[in-house]
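Student: Take me through one part of this chain up close, charged side chains to begin with. Then follow it wherever the contacts lead, and keep it residue by residue.

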Amino acid sequence: MKKKYDKREGYCRMLGHFLPFHYCRTMKEGLPCGKILDCWFEMIPIQQFIAENYSKEEQHSIFEPPKSRIDTIVEIVGKVEKDKDGKQD
Ligand code: SF4
């Protein structure tokens, strides 16, 4: 069922060329790109496809806003400090 539209092609404004739906539905560590609703709504019943093929948790992961650079840096620093604390014991 998930592979139903894999060979359809659409233009990606992010990458600047055409690509198959398969790429769009797997490009985020196996989950769909967060822009999949915007890019595919005119070509396939994309909302129905997402609702039928992905759990609520997966949908949350798909559509959560990307982390800002500062959030990523803070997260990395937090992990490093946590690792340091763990090694001192
Ligand atoms: S869903 Fe993502 S990868 Fe696919 S065309 Fe849109 S922006 Fe590009």
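Tutor: Start with Lys67, bearing in mind that this is a predicted model. Its relative accessibility is 55%, and since the exposed class begins over 50%, Lys67 counts as exposed. Its side chain meets that of Glu75 in a salt bridge, 2.7 Å from N to O. Glu75 has a relative accessible area of 35%, so it falls in the partly exposed class.

Glu75 has another partner too: Lys79, with the closest N and O atoms 3.8 Å apart. That distance still makes the list because the cut-off for a salt bridge is 4 Å. Glu75 and Lys79 both sit in helix H5, residues 69-88, and because they are four residues apart there, about one helical turn separates them. Lys79 is exposed, at 52% relative accessible area. Since the salt bridges share partners, Lys67, Glu75 and Lys79 end up joined in one network.

Now, how many salt bridges does the structure hold? There are three. One of them pairs Arg25 with Asp6, and here the closest N and O atoms are 2.6 Å apart. This pair links distant parts of the chain: Arg25 belongs to helix H1, Asp6 to the segment before strand S1 (9-12), and their positions lie 19 residues apart in sequence. Are these two buried or exposed? Both Arg25 and Asp6 are buried. For Arg25 the relative accessible area is 8%, and buried means under 20%, so the label follows directly. If you'd like another long-range marker from the same residue, take Ile62: it is 37 residues from Arg25 along the chain, and the two C-alpha atoms are separated by 9.8 Å.

Stay with helix H1, but switch from charges to rings. A search of the whole structure turns up six aromatic pairs. One of them is Phe21 with Trp40, an edge-to-face pair with 4.9 Å between centres and 80° between the planes. Phe21 lies in helix H1 (residues 21-26) and Trp40 in helix H2 (residues 36-40), so this pair ties together parts that are 19 residues apart in sequence. Both rings belong to buried residues, Phe21 as well as Trp40.

Phe21 also makes an edge-to-face pair with Phe49, at 5.3 Å centre to centre and again with 80° between the planes. Phe49 is in helix H3 (residues 46-53) while Phe21 is in H1, so here the parts tied together are 28 residues apart in sequence. Phe49 is buried, just as Phe21 is. Step back and you'll see that ring pairs link Tyr5, Phe21, Trp40, Phe49 and Tyr54 into a cluster.

H1 and H2 come up again at the ligand. Which residues surround the ligand? They are Cys12, Tyr23, Cys24, Cys33, Lys35, Ile36 and Cys39. The elements giving two or more residues to this shell are H1 and H2. Sorted by class, the shell has six nonpolar residues, one charged and no polar ones. As for the space the ligand takes, it is the second largest pocket.

While you're looking at those helices, check the loop between H1 and H2, because Glu29 sits there and has a backbone worth a glance. Its phi is near 50°, a positive value in a residue other than glycine. Glu29 is at 84% relative accessibility, so it counts as exposed.

One last stop, on strand S2 (residues 17-20), where you'll find Phe18. Is this ring-bearing residue buried or exposed? At 54% relative accessibility, Phe18 counts as exposed, whereas Phe21 is buried. Phe18 and Gln47 are 29 residues apart in sequence, and their C-alpha atoms are 21 Å apart in space.

To pull the threads together: Lys67, Glu75 and Lys79 share one salt-bridge network, Arg25 and Asp6 form a buried pair, and Phe21 belongs to the ring cluster that also takes in Trp40 and Phe49.

Definitions and conventions: Residues numbered from 1 in each chain as written. Predicted model: local features only at pLDDT ≥ 70, side-chain atom pairs only at ≥ 80, totals over all residues. Heavy atoms only, no water. Phe/Tyr/Trp six-rings, centres within 6.5 Å; stacked < 30°, edge-to-face > 60°. Buried < 20%, exposed > 50% of the residue type's maximum accessible area, 1.4 Å probe, protein only. Near = heavy atom within 4 Å. 1 Å grid on protein atoms, 1.4 Å probe; cavity = no way out; pocket = protein on both sides within 12 Å on 5 of 7 lines; lining within 4 Å. Sits in = over half its atoms within 2 Å of the grid points. Nonpolar A, V, L, I, M, F, W, Y, C, P; charged D, E, K, R; others polar.
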